[in-house]
Structures are given as structure tokens and as C-alpha cells.
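Hi there,

Here is the structure I promised to pass on to you. Have a look at it first, and then read my notes below.

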2 protein chains.
Amino acid sequence: MRLAGVAGEAKIEEEQWLFQEGLKAEKIYVLKEGAVELITRVDGDFELPISMLRQPGNCFGTSALVEPHVYSLSARCAEGGSILVIRQGDLHELIQEDRDLGCTVMTNWAEHLLNRLKDNRQQLKIHFKTLFQTMHS
Amino acid sequence: MRLAGVAGEAKIEEEQWLFQEGLKAEKIYVLKEGAVELITRVDGDFELPISMLRQPGNCFGTSALVEPHVYSLSARCAEGGSILVIRQGDLHELIQEDRDLGCTVMTNWAEHLLNRLKDNRQQLKIHFKTLFQTMHS
């Protein structure tokens, strides 16, 4: 796998922040072992958990793959383990050189984003349903 | 543009349904003129508007691009005009043949999905904030 050539391994520890929402996204991560939580903040007031990654192979920090290269969420280690770290510039070069790989990476990612979007819509539906029922009760 | 070779043009009329959520996604659409509304249904009870497309070049029905090829929303014409219709199979063939084009299509789409996901999270945040304020008032 050519991706392995540009990936470095790192240990992660519980409570360790890997990146913060709103900051420049320079690295993409792949979970090897342990658990990582993706979080957003509501007006800096409180944390809204988005998802918990536990499956080895789960990717995160993928906002680094496209413009404007800014993390849309924060990532915190929830359970110690290890991750693969890929610098965005290295991956970009690889994708430019190897269009087959590029197409596969982007297709898999789009599929993943579409699923996340569907999940989010499902959550929104639940909210609207509650709202609707409150208004009509 | 090679995409033009596999696209057919069609007129659309106000109130016309283009596709329904949950059905097999066999076509991808590009808006040329007019307006198209994307909608989801909450438990079949009421419609939840997701977005209104007005810009020529706006794409929709893009769920057809990846597995499981099922529309995640419904689309209804809100203002008469015209659309380009691309059969999923034709686009898939083109993407297999021309990896540069494939990479570009998938990257643009992923970028678009990421933006939609951010918008949705923003909406969810507003809901949670309201909930939070209600609980603490």
C-alpha cells in the first residue's frame, strides 16, 4: 500500500487533544488502536460529542483533504493507543501522481461523508419532530 | 467537456417531482435554469426543507455516485426551467476511463458534502443551544 510510505506512527494517551476545530488542517489521521472522540463546541459554552471512533482503520481529520484545509471538529483521545499520521502535503502529492489511488481515496471519503450527512439529517429530524409535537400538543 | 457527452437535457415544471428519497438513485442532475427544492420527510408526517438550488451548475441526486445508490432526499421543481440528466452508469464508466476526471468529480463532491455537513452541524448546534438554555432557565 503506497499510503504506508507517507504515514508515521504515533502513540496517543487518554485526554490528549489531537487537533482543534477551526485550526489549519495539515494532517490526516488513521486510528490503529484505542479510541478517539470527535467533538464540537457550541459557542464555546459546552461540548457537543459528534462521534466515537473505535475501529482500527477509522480516518479522521479528513477536512485536511480539501479547501480551505480547516478542521471542522476537534479530536481528543478517549482511550490510549496508536495512530497513523499522514501530512496533507504528502497525501496530496501521492494523489496527484497516482490518480487511481486518488479516485479511490476521494470516493471512499465521499461515501463516508454522505453517511455522516444522513446520520446528521436523522438527528435533525428527531429535533424537528419533537418541536412539531410540542407545538401540536 | 467530456461530461457533456453523456448528459441529456430536460425541461422541468413547477411542482414536478424529480426523484424520491429512499428510491434507487440511477441519475445525477445538474440545474441549468429554474429552481429545485431538496426535501426530506419526517416519519411521513411533514416535509422538512433541506435546501433550495437556484445556481446554474448546482448538482443534485449525487447519492447516485456511491453505494448503496439510494437517494437520501427528494427533489421537487420549485420554479420551471431545465436540467441536465446524467445516467449513473454512464458517469461511472467515464470515471473509470478518465481517472483525472474521476478524481476531480469526487474531490468537488467531497468538498460539497463536507460543507453541507458543516451547515447541518451548525443547525444541530442551534438546536442543542436552545435545549441547553431551556434546561438552564
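Let's start with A:His69, which counts as buried, at 15% relative accessibility. Please keep in mind as you read that this is a predicted model. You will find A:His69 in the loop between strand S5 (59-60) and strand S6 (74-87) of chain A.

What surrounds this histidine? Beyond its neighbours within four places in sequence, A:His69 is in contact with A:Leu23, A:Lys24, A:Ala25, A:Ser63, A:Ala64 and A:Gln88. Two of these are worth a click. A polar atom of the A:His69 side chain lies 2.8 Å from the backbone oxygen of A:Ala64. A:Gln88 is 19 residues from A:His69 in sequence, while their C-alpha atoms are 8.9 Å apart in space.

Next, the cysteines. Searching the whole structure gives 0 disulfides over all chains. Why does B:Cys103 not form one? Its closest cysteine sulfur, in A:Cys103, is 5.2 Å away, and a disulfide needs the two sulfurs within 2.5 Å, so the pair is too far apart for a bond. B:Cys103 is buried, at 2% relative accessibility. For B:Cys59, the closest cysteine sulfur is also in A:Cys103, but 16 Å away, again too far for a bond. B:Cys59 is partly exposed, with a relative accessible area of 38%.

Finally, how do the two chains relate? Chain B superposes on chain A after a rotation of 180° with 0.0 Å of shift along the axis, at an RMSD of 0.0 Å. This is the relation of a two-fold axis. Both copies use the same surface: 100% of the contact residues of chain B recur in chain A.

Enjoy exploring!

Note on methods:
Residues numbered from 1 in each chain as written. Chains lettered and ligands numbered in written order. Predicted model: local features only at pLDDT ≥ 70, side-chain atom pairs only at ≥ 80, totals over all residues. Heavy atoms only, no water. Least-squares fit on C-alpha atoms with pLDDT ≥ 70 in both. Contact = heavy atoms within 4.5 Å. Buried < 20%, exposed > 50% of the residue type's maximum accessible area, 1.4 Å probe, protein only. Helix = DSSP H or I, 4+ residues; strand = E, 2+ residues; numbered from the N terminus. Polar contact = N/O pair within 3.5 Å; in protein donor to acceptor, adjacent residues only side chain to side chain.
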